[in-house]
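Here is a set of short exercises to work through with the model open beside you. Try each task before reading its solution.

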Amino acid sequence: MNRSLRSAVLASLAATALLAPPAVADSTNNSSQKLRAAVTLEGVRRHQAAFQAAADTAGGNRFAGTAGHDLSAQYVVDQLTAAGYTPTTQEFTYPAFFERTPSQLQQLSPSATTYTNGVEFRIMSYSGSGDVSAPLATPTGDARGCYASDYAGFPAASIALVQRGTPAGFPGGSCTFRIKHDLARNAGATAVLVYNNVPGVVNGTLGATGLSELPALGLTDTLGASLRNQLASSSVVMRVRTDTGAETLTTRNVFAETAGGDPNNVVMTGAHLDSVTAGPGVNDNGSGSAAILETAIQMAKVTPRNKVRFAWWSAEESGLIGANHYVNNLPQAERDKIALYLNFDMVGSPNFVRFVYDGDNSTGTGSVGPAGSDVIERVFYGYFESQGLAAEPTPFNGRSDYGPFIAPSVGIPAGGLFTGAEGVKTAAQAAKYGGTAGVAFDPCYHAACDTYANVNLTGLDQMSDAIAHAIITFGQSTELVNGVRGKGNHKRPAQGENDGTGTGGGGGLHDEHDHDEA
């Protein structure tokens with residue numbers, strides 16, 4: 001979108017009151033109770049309405065590098081500026097993935113079946129192009145296909161059927177979809193089908209390192225199990241067709257930080273601002289983006305003990321590109337100043353569960369975060385306990401923008417919240433949180449219907465309060481995370497008052513954002 005047209009669109013949004021100046025923040029919003037009272041659902045929804053309007057103006061989505069994202073980023077900048085911040089942006093280019101024509105998946109024998117795109121399978125971002133008809137085969141070792149030894153004796157020129165998931169003790173903690181693809185390719189596969197290990201279709205990416213050599217699709221757990229069962233008794237021949245490309249686009253991250261606070265002990269929080277091409281992404285992730293924006297606005301006049309830095313990431317949906325760009329280009333001396341990172345990705349899902357990133361890997365299904373991640377997790381559980389609200393862990397596996405921060409070479413403690421994507425709510429969860437069992441947490445995940453209406457207001461309100469609580473709590477003191485370095489004079493709660501640092505509870509394993517992880 002050219003500069004004059006963008007200005008005209010922003011003026012139009014202003015005329016509809018979506019760019020109205022934010023409410024004047026109060027310098028006394030320096031405690032959890034006061035900040036939570038200031039961060040209202042109405043304020044958060046106002047920002048989501050602006051994101052919806054940006055998408056409506058620009059072709060129906062807010063994909064990184066397109067007009068919809070540019071308008072969203074400018075809206076955030078304008079809101080921050082009006083609140084008194086001096087926001088900055090970080091521009092970068094990346095190879096944007098797109099489908100030229102819809103993908104196809106068919107079974108040719110022993111019976112002819114055509115599968116439904118978007119329901120039973122989806123293309124993986126950065127999949128290569130191809131039209132392959134070949135026998136189907138699974139790894140000869142572990143079905144997850146994460147080691148070269150799993151493909152010993154694999155029949156060359158076959159289509160590989162691989163299960164999603166990571167074996168315990170896997171180097172680096174996560175067997176990505178790209179790893180699965182590359183190992184199958186090296187074994188002679190002509191296409192890769194990855195089926196889910198939880199209900200629903202895999203929405204995955206191979207990572208923005210260029211288009212892969214082979215066509216790659218994600219399947220539902222049901223379709224994967226059906227194909228495996230058929231292979232047990234007969235040969236199965238499949239056809240996979242993909243037609244893809246990549247285009248270099250320019251986009252930007254947005255940042256703002258409190259004027260006051262210790263610059264050598266930074267509390268950082270972020271949410272991705274971009275959507276997929278399919279829709280406006282008002283839950284994914286207009287919810288997290290709106291919640292931290294409203295929190296920033298209401299903290300504009302607060303002088304926390306530690307500097308608080310807010311980030312709105314771009315190109316997350318293409319493989320955490322914006323967050324990776326930031327962390328990889330941050331000098332070590334600046335990395336060392338970041339005490340912790342808080343991530344909020346999808347916090348208003350219609351059929352929500354209150355998920356907390358499992359920083360200590362208590363479920364044994366993810367990875368253990370850098371030292372202090374377990375403390376961040378406990379602070380969230382403690383807050384929910386203080387409000388009489390249930391919560392449970394979700395695997396800490398690097399599938400959202402916290403991934404670059406917790407990488408072994410970086411080691412910044414992290415945590416955050418999530419309300420669920422395409423995973424299906426269980427009966428036990430429906431009894432605990434309400435909602436509907438047997439239905440996805442967000443039925444509009446990565447779809448055109450992820451609009452302003454695609455939000456559970458109760459869940460969004462509760463999670464926005466938890467976000468405000470964590471940001472101001474750590475803004476005043478990170479002592480629990482990093483000891484003396486983060487020690488402040490933040491007033492401790494009176495005896496008997498819950499300070500939000502309890503141990504919490506809950507259990508269960510649920511899917512995270514897919515991105516480049518399996």
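**Exercise 1: A lysine and its partner**

In this predicted model, Lys 337 has a relative accessibility of 24% and counts as partly exposed.

Task: find which residue forms a salt bridge with Lys 337, and classify that partner as buried, partly exposed or exposed.

Solution. Start with the charged atoms: Lys 337 pairs with Glu 334, and their closest N and O atoms are 3.0 Å apart. The cut-off for a salt bridge is 4 Å, so this distance qualifies. Next, take the accessibility of Glu 334: its relative accessible area is 29%, which makes it partly exposed.

**Exercise 2: Two more salt bridges**

Task: describe where in the chain the partners of the Asp 182 and Arg 185 bridge and of the Arg 309 and Glu 257 bridge lie.

Solution. First, recall the principle: side chains of opposite charge can pair when their charged atoms come close. Asp 182 and Arg 185 have their closest N and O atoms 3.5 Å apart. Both sit in helix α5, and because they are three residues apart, about one helical turn separates them. Asp 182 is partly exposed at 22% relative accessible area, and Arg 185 is partly exposed at 25%. Now widen the view: these two belong to a salt-bridge network that also links Arg 178 and Glu 213.

Then turn to Arg 309 and Glu 257, whose closest N and O atoms are 2.9 Å apart. This pair links distant parts of the chain, with Arg 309 in strand β10 (residues 306-313) and Glu 257 in strand β8 (residues 237-257), 52 residues apart. Arg 309 is buried at 12% relative accessibility, while Glu 257 is partly exposed at 34%. To finish, the search of the whole structure gives 10 salt bridges.

**Exercise 3: The disulfides**

Task: locate the disulfides, give their handedness and work out the pairing pattern.

Solution. Begin with the count, which is two. One disulfide joins Cys 146 to Cys 175, with an S to S distance of 2.2 Å. The torsion about their S-S bond is about -105°, so this disulfide is left-handed. Cys 146 lies in the loop between β4 (130-137) and β5 (159-163), and Cys 175 in the loop between β5 and α5 (177-186), 29 residues apart. Both cysteines of this pair, Cys 146 and Cys 175, are buried.

Next come Cys 444 and Cys 449, with sulfur atoms 2.1 Å apart. Their link is left-handed too, with -115° about the S-S bond. Cys 444 is buried at 11% relative accessible area, whereas Cys 449 is partly exposed at 36%. Numbered in sequence order, the bonded cysteines pair as 1-2, 3-4.

**Exercise 4: The partners of β12**

Task: name the strands that pair with β12 and give the sense of each pairing.

Solution. Strand β12 (residues 355-358) pairs in the parallel sense with β13 (residues 392-395) over four bridges. Asp 358, for instance, has Pro 395 as its bridge partner in β13. Between these strands the chain passes through helix α10 (residues 373-386), giving a right-handed β-α-β crossover. With β14 (residues 414-418), β12 runs antiparallel, joined by two bridges. Here Phe 355 stands opposite Phe 418.

How values were computed
Residues numbered from 1 in each chain as written. Predicted model: local features only at pLDDT ≥ 70, side-chain atom pairs only at ≥ 80, totals over all residues. Heavy atoms only, no water. Disulfide = S-S within 2.5 Å. Buried < 20%, exposed > 50% of the residue type's maximum accessible area, 1.4 Å probe, protein only. Pairing = 2+ DSSP bridges. Right-handed = clockwise from strand over helix to strand, strands pointing away. Salt bridge = Lys/Arg side-chain N within 4 Å of Asp/Glu carboxyl O.
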